[in-house]
Amino acid sequence: MTSLRGSTTLLAEAEAEDSHEQLFDDGVALMKQYKATRADLDDLATAISKLRRAVELTPNDHPGMVRRLSSLGHSLSLRSRATEDLQDIAEASSAHQRALELTPEGHPDKALRLAWVGYSLWLRSERTGDLQVLAEGISAQQRALELTPDGHPDMAERLSNLAVSFHSRFGRTGDLQVLAEAISAQQRALELTPEGHPDMALRLGNLGLSLSSRFQRTGDLQVLAEGISAQQRALELTPEGHPDMAQQLANLGMSLMSRFNRTGDLQDLAEGISAQQRALQLTPESHPEMPFRLANLGSALWFRFQRTGDLQDLAEAISAQQRALALTPEGHPDMALRLANLGASLGSRYGRTGDLHDLVEAISTEHRALELTPEGHPDMALRLANLGSSLRSRFDRTGDLQDLAEAIAAQQRALELTPEGHPDMTSRLGGLGNSLLSRFNRTGDLQDLGEASSAYQRALELTPEGHPGMALRLANLGTSLWSRFKRTGDLQDLAMAISAQRRALKVTPEGHPHIPTCLHRLGISLHRRFLRTGDVDDAMEALSKYRTSATTTFGPPRERLQAAKDWARLSEEYNPGSLAVLNAFDTAIRLTTLMTTLDQVLETRYSRLVDTSGLSLQAASAAFALERVDKALEWLEQGRCLVWRQLTSLRTPLNDLRRHDGHLADRFLELSRKLEGAGSVRIAARSGMSTSEKTSLEDQARDHLRSASEWDDLLAEIRATPGFERFLEPSPWYSILPYLPKAGHVIIINVDARRCDAIMLSAGRSTPHHIPLTSFSLAKCNQYRKDLTTQLQAHDYRERGRTVEMAPERGDEYRGFKRLNQATVQGILRGLWQDLVKPILQTLEIQKIPSSPRALAAAPRIWWCPTGPLSFLPIHAAGIYTSESTECVLDYAVSSYTPTIAALIDRVSNTRPIKLGVSGLFMTCQPRAAGGSHIPGTTEEVQSIYDLATENGLRAELFDGSDITPATCLDSMEKFSSIHLACHASQDATNPLESRFLFHNGSLDLFTILQRNLKDADLAFLSACQTGTGSEKLPDEAVHLAAGMLAAGYRRVVATMWAIRDEHAPAVATDFYQYLLDHRDPADGSGFDGTHSARALHHATQQLRIRLGNDSDESLLAWIPYVHFGH
């Protein structure tokens, strides 16, 4: 008789068996459902949960335990392919291992269990990079294969999986024998796969991938062709919507890119990128293959950039690579590869833009990639070579020999690790040659030159005919021969260099971005040979090569600009009266504008302009020599203040365009705002940024380039509209004349090493008038500037309020002054008067102003537009100042300055009444700003102005010290037509956009001001130091706070050329505003504008001069710095 307890136990066991059987059946059904669709991971998660519970409830000795373990392992493996979750991979491997242990030897499923163990171990090695785990997996798969009888239906699958593991091992070791075994297994698997089998496409794709890998090591194009053919057939067999479609496309895309790199076939390039893009589109955001697809597309776009030079491709590449990196978890075996590829792209962008931040980030990224690459890894040589190339680039920029030593060491080790016959041997020899040549150029060590030449020669010998790298190898050899010629003078070396350069040019495909460089370098070599031999044919061919290089429509603008300069120089030297000189400079000026484009941030534009500084002045000088004053005028306008012109173009009035096509106007406005915002982004070092911050930064850079490209397309569309053909085109000289100020003259002064000239523009004159300045010279200009700088330093004119120990023979009014030669400042002003200004005034036939207030109101105006170093000299105060008599500019005219003629006529042509709601004066004083000395006079200054304004019924607002922040100051600038800033200011010579006004609560920099569009702005009085002083490196860009205020929208600005005295500033400001109020139009009522601001400043500085009581150097330096800009 059965006991009650025994009956209960049997019943529980029966229920448990029913339970785990049902759980198992449900789990398998859900797993199959997911496998069929690969869509719903929730189904798979439920399947795993049921299978886990089934395993837990199944007794160890149950005959179904092995199947349940195997199914659990299979479901976990499936999920790990979708998530790359290491926990899932480890649990799957454990389940398969336990199933194997429970399967006795000789059991018919032993091979199946081994195969699953091998597969799960392969999965784990893919995620961790552990070669030992991979070896164990391959061992299990090989044993499974041994136990599989011929003719077994699983034979093909097991061969295919073993081949995949072999391919992974090859990827880690570079062992060609292992790759051969992979290919053999894949070919045998394909032979066993019947037509129509659902795995046929997968096996074809895997074979194609292995054949592509063999090509990467051997360079055998036939092997690659077979691989591509297999992958294309795999794609044809993959139905739309199949989960493997994206992978097939990605693999085919990589193989096509490999063939492009070997043959240069642009069709392969286009198809490869298209395949990668489609693969990415088919990959869900959360898919574990997403970083792989992004990385592949990034590499493909980088290759296209290398071929076309299109920066948009490079921006897209870096953005994709940065995103791929952000999605790659720490410890992932592909991390090093993705870092290395990103580093290569950043290095390429540095090569194109010169942004040192990119190069620093590239080196950092490549260092990290190298650290993550284990010894013996087949990519170790590539990583070393790339790092070496980047370090050499940094040496070329900074001159740090330590970088070059590290570069050469890395490249030499890369070569040692590169096996004979490897297709990358040639590029690594070339890279080492480049570094050795750089060291020779620095040290003059002929051994380095010899080794560089040998490396180049060997690289050339190893490069097959038709290889796209042939041109580069020839160019490198030509460079080394040229370097040897420069050292030895051996004409045979020069002849061989020219021969190599000719061959390089011949094999470079049409439209390749390297063509301008090849042409330019060949021109240089031919010109040098002409100088040695006198062969005119060489000179003529050099001119031709320079011209062709400069006038190509592709390739880096920097190289084409240099070619244009050489074309102009050679034309001037040997054919000075020819039209070729004008054509050459025309091309050079046009290319200068391409050096600074809207796709760059402002900081980059300014840094790139340093290399072109003075070019427009040289061009104008050549035009004057050819009696083409019209060309001189156009070039001085087109080649100077480029960044201001761009900012102005983004803010151009759209009334006419809007009347014609409101949609076009709206698109223009939207793009303008985007570009202005993108251009205002500050360049920041990336070392402290997170990966997500770097990704965001690159996305911004990509979008910036897109916007710039859209801008170019939009301009083309607008210019195709009748009546808008010259929309935002540089103005021809004759279009300037109708908009000149009516009462006065505009004087542009060109200062060049060869000659100095002035151009006079006057309302009513139909042509510009040329005034040769035969007594003035660049040497004199530089000397005057040097002398003035010495005087300013000696008199301690560094900042407002600065004081030093009082000179014993002077009173308090001369605090901070040191005794100097009294004639020095007077001598500078005398020289400017006699050699520069007086000849101009004589040509103008201007009479002296009678000394009366009424006469000042009618005095003629002169707008000075100086160039080069003359921009730092006070032309407005030129004159003879002696105790006996004085004669100076102030006796003849009221002076203003303008950065360009366009800046002036823009204000004349767009004159508009000030809205009553914003008409008024906002003012602030900052007497105790951090970083500056105490300037108590600022408080007195603004209070006096405020009292004067309110007494006269003006709308006015005053903030003192910490009562205002830079941000609220900006807001007030939008609410008031006029502003008065009494504070310290700082001019940053290394980064002009960082020039700033100092506040108690921070600072207000030029960069920030430029982001505001102050459409109602009229007058800005900058009662601070150096607000009208530009950058020494960029004298023709007018990068100072006064010009910034003009660019921000102000019609006129009062600024200072150097420090002003705190004790003088209040009276100057008060006299200035008193004059404006006295000469206000009664019809304006309570309105206020700066129409008479130039005359007001003339009056105020004259009053200070009278109060000082003499024209000593000390007195002159006190009133001269006040200057007026604008209309």
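**Close-up 1. Pro509 in the loop between α22 and α23 of the predicted model**. In this predicted model, Pro509 is placed in the loop that lies between α22 (491–507) and α23 (515–533). With a relative accessibility of 37%, Pro509 counts as partly exposed. When residues up to four places away in sequence are not counted, Pro509 touches Arg307 and Ile515. A separate distance relates Pro509 to Arg651, which is 142 residues apart from Pro509 along the chain, and the C-alpha atoms of these two residues are separated by 41 Å.

**Close-up 2. Helix α23 and the helices that cover its buried residues**. The 19 residues of α23 should span 27 Å at 1.5 Å a residue, and the end C-alpha atoms of α23 are 27 Å apart, which agrees with that expectation. The buried residues of α23 include Ile515, Pro516, Thr517, Cys518, Leu519 and His520, and also among them are Leu522, Gly523, Ser525, Leu526, His527 and Phe530. An α-helix has 3.6 residues a turn, so residues three or four places apart point the same way. What covers the buried residues of α23 includes α21 (470–488), α22, α24 (536–551) and α25 (557–574). Just after α23, Gly534 takes a positive phi of about 80°.

**Close-up 3. Strand β1 with its partner strands β4 and β2**. Eight of the eight residues of strand β1 (residues 744–751) are buried, so β1 is largely enclosed by the rest of the structure. In a regular strand the side chains alternate between the two faces of the sheet. Both faces of β1 are covered, with Gly744, Val746, Ile748 and Asn750 buried on one side, and His745, Ile747, Ile749 and Val751 buried on the other. Strand β4 (residues 861–866) runs parallel to β1 and is joined to β1 by six bridges, and the bridge partner of Ile747 in β4 is Trp864. With strand β2 (residues 756–762), β1 pairs in the antiparallel sense over seven bridges, and Val751 has Cys756 as its bridge partner in β2. Four residues lie between β1 and β2, which form a hairpin.

**Close-up 4. Cys865 and Cys925, neither of which is in a disulfide**. A disulfide is a covalent bond between the sulfur atoms of two cysteines. With a cut-off of 2.5 Å between cysteine sulfur atoms, the count of disulfides comes to zero. For Cys865, the nearest cysteine sulfur is that of Cys641, 7.3 Å away, and Cys865 counts as buried at 1% relative accessibility. For Cys925, the nearest cysteine sulfur belongs to Cys983 and is 9.5 Å away, while Cys925 is likewise buried, with a relative accessible area of 0%.

**Close-up 5. The open sheet of three strands, with helix α40 packed on it**. The strands of this open sheet follow the order β11-β12-β13, and their pairing is antiparallel. At the edges stand β11 (984–986) and β13 (1002–1005), each of which has a single partner strand, so one side of each is left without a neighbour in the sheet. Neighbouring strands of this sheet are turned against each other by 30° on average, direction ignored. Strand β12 (residues 996–999) runs antiparallel to β11 and is joined to β11 by three bridges, and within this pairing Ala985 has Phe997 as its bridge partner in β12. Helix α40 (residues 966–975) packs on the sheet, where α40 touches β12 and β13, and the direction of α40 makes about 40° with that of β13.

Technical notes:
Residues numbered from 1 in each chain as written. Predicted model: local features only at pLDDT ≥ 70, side-chain atom pairs only at ≥ 80, totals over all residues. Heavy atoms only, no water. Pairing = 2+ DSSP bridges. Helix = DSSP H or I, 4+ residues; strand = E, 2+ residues; numbered from the N terminus. Axes fitted to C-alpha atoms, helices over the stretch in contact; angles between N-to-C directions. Contact = heavy atoms within 4.5 Å. Buried < 20%, exposed > 50% of the residue type's maximum accessible area, 1.4 Å probe, protein only. Expected span 1.5 Å × (residues − 1).
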